[in-house]
Amino acid sequence: MLFISISMASPSSSSLCFAPLVFLLLIIGCTARPLYPLPSHGDRESRRPLQTFRPYNIAHRGSNGEIPEETAAAYLRAIEEGADFIETDILSSKDGVLICFHDVTLDDTTDVAQHKEFANRKRTYQVQGVNVTGFFTVDFTLNELKSLRVKQRYSFRDQQFNGKHQIITFEEYISIALKAPRVVGIYPEIKNPVLINQHVKWSDGEIFEDKFVETLQKYGYKGSYLSKDWLKQPAFIQSFAPTSLVHISNQTDLPKIFLIDDITIPTQDTNQSYWEITSDRYFDYIAQYVVGIGPWKDTVVPVVNNYMQTPTDLVARAHAHNLQVHPYTYRNENNFLHFNFNQDPYQEYDYWINKIGVDGLFTDFTGSLHRFQECTSSSNHQSGSDDEKTASKLLHKIALLVSSYKG
């Protein structure tokens, strides 16, 4: 770090100190390279753009391997650690406010059981053909949901943040992305739309999917994949429900991802089998509405006794239909790593990126994926010559100097 001292220097010495800076600024002018201001909270136009040269680092429910899922803190940590997109699941409160929460019930990841005032709220509803009993988000107002505190899903993860964070709204989540110091995309899921539309009614007659899209439009999210508008505020819309994706296709041109579950689980709205929705014929159909698929990774590469088997042709066929593939979910812990990877998450990332050839990865550990990609892709991706990179670093230092001098 260089410092320019002004207050203690004589006029002549001050001129001598300032001369090199002037000279460097003249060089900048001659090379026609603008001196961009450093990114700041209020300067969104100059933020570093989204990277598109390598698979996307998708922070699954935020950096939830470290901090309880779907919380503001988990999303902020993910941005800190290098996420390209922060992913979330969207449900609704009883009074129609869209919230960020994964399970349709509050039991596993909140302290709802400790709230005696809600003891009579437990219900049994049918969810995807199965009777589920618990405290459902659709039976609580937003204010009631805000009174709860979130906890870590898995007992083998860090428990120190339990009870410290609230459930957040869809709009609060969007605000986190828009206020990031660089361009960070959002990746919201239309979660369990059949259940939501059964139990939540909006006064204007609209349905869950309509409210979902309206919220995105309210905050300026628009544009097809890689368009100018999209690159300014990137977003993918995801859902396991094909009818939801088709419904919103008439309302927004934002890119959509069709999520695919385990081979034994049918679609939640059309009751189609895995084999049907991954057929070439269905890929031809769904490609009219989506830009990619988001399969569970064990449907791409089958697993027996925790050992991965021969990969299927799912990725190759999706790519042949011009569909991206963003599998889920990558987790560092031995509980989730298959034996093939020798308890090393970097080996898993290397396998999926360089052998299987996926276009994005949903991970609970944003920092690990980011560090792996920084280490392995920097030598493969050249954004310019060594001289240009050196010059870029020099310009960054000059910007810091100018900013300090003005202050």
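Select strand β2, residues 85-92, in this predicted model. Phe85, Glu87, Asp89 and Leu91 point one way from the strand, while Ile86, Thr88, Ile90 and Ser92 point the other way. The residues on both faces are buried, and β2 is accordingly described as mostly covered, with eight of its eight residues buried.

Keep β2 displayed and add its partners in turn. Begin with strand β1, residues 56-59, which pairs with β2 in the parallel sense over two bridges. To locate this pairing, label Ala59, which stands opposite Ile86 of β2. Next, show strand β7, residues 185-190, which runs parallel to β2 and is joined to it by six bridges. Here Phe85 stands opposite Gly185 of β7.

The third partner is strand β3, residues 98-100, whose pairing with β2 is antiparallel and comprises three bridges. Leu91 has Ile99 of β3 as its bridge partner. Between β2 and β3 the hairpin has five residues, and within it Gly96 should be inspected: this glycine takes a positive phi near 80°.

Now turn to the nonpolar interior. In soluble globular proteins, nonpolar side chains tend to be buried together. The largest nonpolar core of this model has 64 residues. Select Ile86, Leu106, Tyr173, Ile186, Phe212, Leu216 and Tyr221, the residues with the most contacts inside that core. Then add helix α4, residues 170-178, which supplies six residues, the largest share of this core.

Which residues does Ile186 touch, leaving out those up to four places away in sequence? Centre the view on Ile186 and display Phe85 and Ile86, then Tyr173, Ile174 and Ala177, then Leu216 and Tyr221, and finally Pro234, Ala235 and Phe236; Ile186 touches each of these. Two of them, Phe85 and Ile86, belong to the β2 residues already selected.

A second, separate core has 30 residues, including Leu314, Phe341, Ile353 and Ile356.

Before moving to the helices, select strand β9, residues 256-260. Five of its five residues are buried, so this strand is largely enclosed by the rest of the structure. Lys256, Phe258 and Ile260 point one way, and Ile257 and Leu259 the other. Add strand β8, residues 237-239, which pairs with β9 in the parallel sense over three bridges. Ser239 of β8 stands opposite Phe258 of β9.

Next, select helix α13, residues 345-356, together with helix α14, residues 366-377. Two packed helices are described by the angle between their axes and the distance between the axes. For α13 and α14 the angle is about 65°, and the axes are 10 Å apart. The crossing of α13 past α14 is right-handed. To view the contact, show Tyr346, Tyr349, Asp350 and Ile353 on α13, and Ser368, Leu369, Arg371, Phe372 and Gln373 on α14. The residues of this contact comprise five nonpolar, two polar and two charged. Ile353 is also among the residues of the second core.

For the final stop, select Pro345, which is found in helix α13. Is Pro345 buried or exposed? Its relative accessible area is 15%, and because buried means under 20%, Pro345 counts as buried. Apart from neighbours within four places in sequence, Pro345 is in contact with Asn332 and Leu337. Lastly, draw the C-alpha to C-alpha distance from Pro345 to Tyr330: the two are 8.2 Å apart in space and 15 residues apart in sequence.

Notes. Residues numbered from 1 in each chain as written. Predicted model: local features only at pLDDT ≥ 70, side-chain atom pairs only at ≥ 80, totals over all residues. Heavy atoms only, no water. Buried < 20%, exposed > 50% of the residue type's maximum accessible area, 1.4 Å probe, protein only. Helix = DSSP H or I, 4+ residues; strand = E, 2+ residues; numbered from the N terminus. Pairing = 2+ DSSP bridges. Axes fitted to C-alpha atoms, helices over the stretch in contact; angles between N-to-C directions. Left-handed = near helix turned anticlockwise from the far one by under 90°. Contact = heavy atoms within 4.5 Å. Nonpolar A, V, L, I, M, F, W, Y, C, P; charged D, E, K, R; others polar. Core = buried A, V, L, I, M, F, W, Y, C linked by side-chain atoms within 4.5 Å.
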